[in-house]
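Here are my notes on the structure you asked me to look over. They are set out as numbered points, to be read with the sequence and the coordinates open.

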Amino acid sequence: MLGQLGQKRVLEIIPTAVIVRDLTGRILWWNGGAERLYGWPADAAYGHVTHRLFSTTYVDGGSLAEQTAALERDGHWDGTMQHLTATGRTVTVLSRQVLYRPENDDAPVQVLEINTDVTAARAAQQALGLSEQRFRAQFTQSPVGQAIRSLDGALIAVNTAFAGMLGRRPEEVIGRITGDELLHPESVPGVQRQFARLFAGEADSYTHEARLRHADGHWVDVEATVSLVRDAEQRPEHLIVVITDICARATAERARDQAAAALAERNAELEAADRFKLDMIGMLGHEINNPLQSILGFTDLLAAEMDPETPHGRLVGIVNRQAERLDEIVREVLSLVSLDTGNIAAVRERLSLRAELARALEATGRRDVPVLGPDAKVLFHPAHLQQVVVNLLSNADKYAGGASVLRIEADGDRVRLRVEDRGPGVPEEFRPRLFERLARADQTAGTVRGTGLGLYIVRSLAQANHGDVRHEPHPDGGSVFVVEADAA
């Protein structure tokens, strides 16, 4: 048997706080563990009442009077208290107290109090409880569907949002329907592959789209994020699933895909129709052009032999002018077809600009138009350059009474041809659309016959030859069309 001295030594080496006090709480002795826990040296603590020195509060309820009554009645008391230490820190202790009555009836009753610091454990427990409380609140009240699924597919818990998504109440789902029973058969293989990745530790979660069976039998499109929860030994325990109803989005996407498919089909039809149209226009242009050239040749011969003032001479002149008009339309349409089909091959040659202008003036019967400026060599497709100049001269004839001068200007590696007239000019509001396809000014649309393609073709041909065409108002009234080309 240990003597009194031996017992004190045993109590001293115990790391837990050990206090010997009387029934009123007055401290008679404590060990090193108590000093370390409360921060008071033994000589400072002796004689003080514990519940005053520690500012004791009872965590689980109760009071000092109830504690004292239990000790006197039962001989022991266990409970959790909060104590204030010498440093001002509050600690939570699990206290076990035993009443000791000495054999000597005259000796005072003593209480052996052993206090174990459980501050960290209690804080962790409180944090866990708060976390669980928050999770339950978030899980239950969330507007997003949530479910906890066991590994065998049983639904352990579902919130109201998830059950409502399926047209059910939570109690109709929990323990009654498995996750696999809700899944559309087409979704099952993909889900199993993803589960395998989670179990193998290749991912912590995944998101996928699936279809779930509604209570009335129809399918609900959802997007689900699935997370795997593991136990303390890192073994798979259960799955947490967050589900969002994407029916509206899925419906919109299906409508979009259907519309895209219909549009693609329609585009294919339009492209086929457009190719057919271009082929027909090209064919008709060539078929019309051959007899048209014969008509022009014969009317030119007849006009040369007949007096234009006679009835027959006037009729031949009308036929000749209409044939020339038709020839112009055919040439413009054929040029437009070439532009639309991308069949323009601008093989540029080194050309004398003055010589090309002389050819164009001869072809249009405008030999009287002066050409000013020194000759310049340009890089241009011969037929394209002729069509550009002839169209600009024809445009001036229609809208401005004819070109007044052709002016050549060389500027380094660029050459400019200025086709000037003294006509009424281009209305300011129409200038931005001047080179657009089928564009015609309102003030001339009813008085001048034209297709509205001439200037569009002119610019397209110039750009195909690395040049361009622009319009400038003439300072003295009228218009200037400037053709730019590379110098040779």
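1. With which side chain does the side chain of R149 make a polar contact? The partner is the side chain of D180, at 3.1 Å, and the model in which this pair is seen is a predicted one. R149 belongs to strand β7, which covers residues 145-150. With a relative accessibility of 8%, R149 falls under the 20% limit, and therefore counts as buried. Leaving out residues up to four places away in sequence, R149 touches A154, L155, I156, G179, D180, F195, H238 and L239, so that D180 appears among its contacts as well as in the polar pair.

2. On confidence, the mean pLDDT of the protein is 84, and 85% of the residues score at least 70. The pLDDT drops below 50 over residues 443-448, a stretch that has 6 contacts in the model beyond near neighbours in sequence. By element, the lowest mean, 48, belongs to helix α15 (residues 442-445), while the highest, 96, belongs to strand β16 (residues 414-421). Where pLDDT is low, the predicted coordinates should not be read in detail.

3. As to overall make-up, the protein has 16 helices and 18 strands, and 39% of its 488 residues are buried. If one takes the contacts between residues at least 6 apart in sequence, 53% of them join residues at least 24 apart.

4. One open sheet has 6 strands, which follow the order β2-β1-β6-β5-β4-β3 with antiparallel pairing. Its edges are held by β2 (27-30) and β3 (57-58), and because each of these has a single partner strand, one side of each is left without a neighbour in the sheet. Strand β1 (residues 17-22) is joined to β2 by 3 bridges, and I19 stands opposite W30 of β2. Helix α5 (residues 64-74) lies across β1, β3, β4 (76-84), β5 (90-100) and β6 (110-117), and runs at about 150° to β4.

5. The strand that carries R149, β7, takes part in another open sheet, in which 5 strands follow the order β8-β7-β11-β10-β9 and the pairing is antiparallel. The edge strands here are β8 (155-158) and β9 (205-213), each of which pairs on one side only. On average, and with direction ignored, neighbouring strands of this sheet are turned by 30° against each other. Strand β10 (residues 219-230) and strand β11 (residues 236-245) run antiparallel and are joined by 9 bridges, with A224 standing opposite I243 of β11.

6. The largest nonpolar core has 38 residues, of which L357, L392, L406, I408 and L417 touch the most other members. At least two residues of this core come from each of α13 (353-364), β14 (377-380), α14 (382-400), β15 (403-411), β16, α16 (454-464) and β18 (479-487), and α14 gives the largest share, 7 residues. Apart from this core lies another of 26 residues, including F195, A224, V226 and L228. F195 is also one of the residues that R149 touches, and A224 is the residue that stands opposite I243.

7. L417, one of the members of the largest core that touch the most others, can be followed in more detail. Leaving aside neighbours within four places in sequence, L417 is in contact with L353, L357, V389, L406, R407, I408, F481, V482 and V483.

8. Is L434 buried or exposed? L434 sits in the loop between β16 and α15, yet its relative accessibility is 6%, which is why it counts as buried. Its contacts, apart from neighbours within four places in sequence, are V426, L455, H471 and F481; F481 is also in contact with L417. Between L434 and R470 the C-alpha to C-alpha distance is 9.3 Å, although 36 residues separate them in sequence.

9. Towards the end of the numbering given here, strand β17 (residues 468-473) pairs with β18 in the antiparallel sense over 6 bridges, and D468 has E484 in β18 as its bridge partner. The two strands β17 and β18 form a hairpin with 5 residues between them, and G477 in the turn has a positive phi of about 100°.

Conventions: Residues are numbered from 1 along each chain as its sequence is written. This is a predicted model: local features need pLDDT of at least 70, side-chain atom pairs count only at pLDDT 80 or more; totals for chains, interfaces and linings use all residues. Side-chain values use heavy atoms; hydrogens and water are left out. pLDDT is the predictor's confidence in each residue, from 0 to 100. Helices (H or I, at least four residues) and strands (E, at least two) are DSSP runs, numbered from the N terminus. Contact means heavy atoms within 4.5 Å. A nonpolar core is a set of buried Ala, Val, Leu, Ile, Met, Phe, Trp, Tyr and Cys residues joined through side-chain atoms within 4.5 Å. Buried means under 20% relative accessible area, exposed over 50%, partly exposed in between (1.4 Å probe, protein chains only). Two strands pair if DSSP finds at least two bridges between them. Axes are lines fitted to C-alpha atoms, for helices over the stretch in contact, and angles run from 0 to 180 degrees between N-to-C directions. A polar contact is a pair of N or O atoms within 3.5 Å; within protein, one must be able to donate a hydrogen and the other to accept it, and residues adjacent in sequence count only if both atoms are side-chain atoms.
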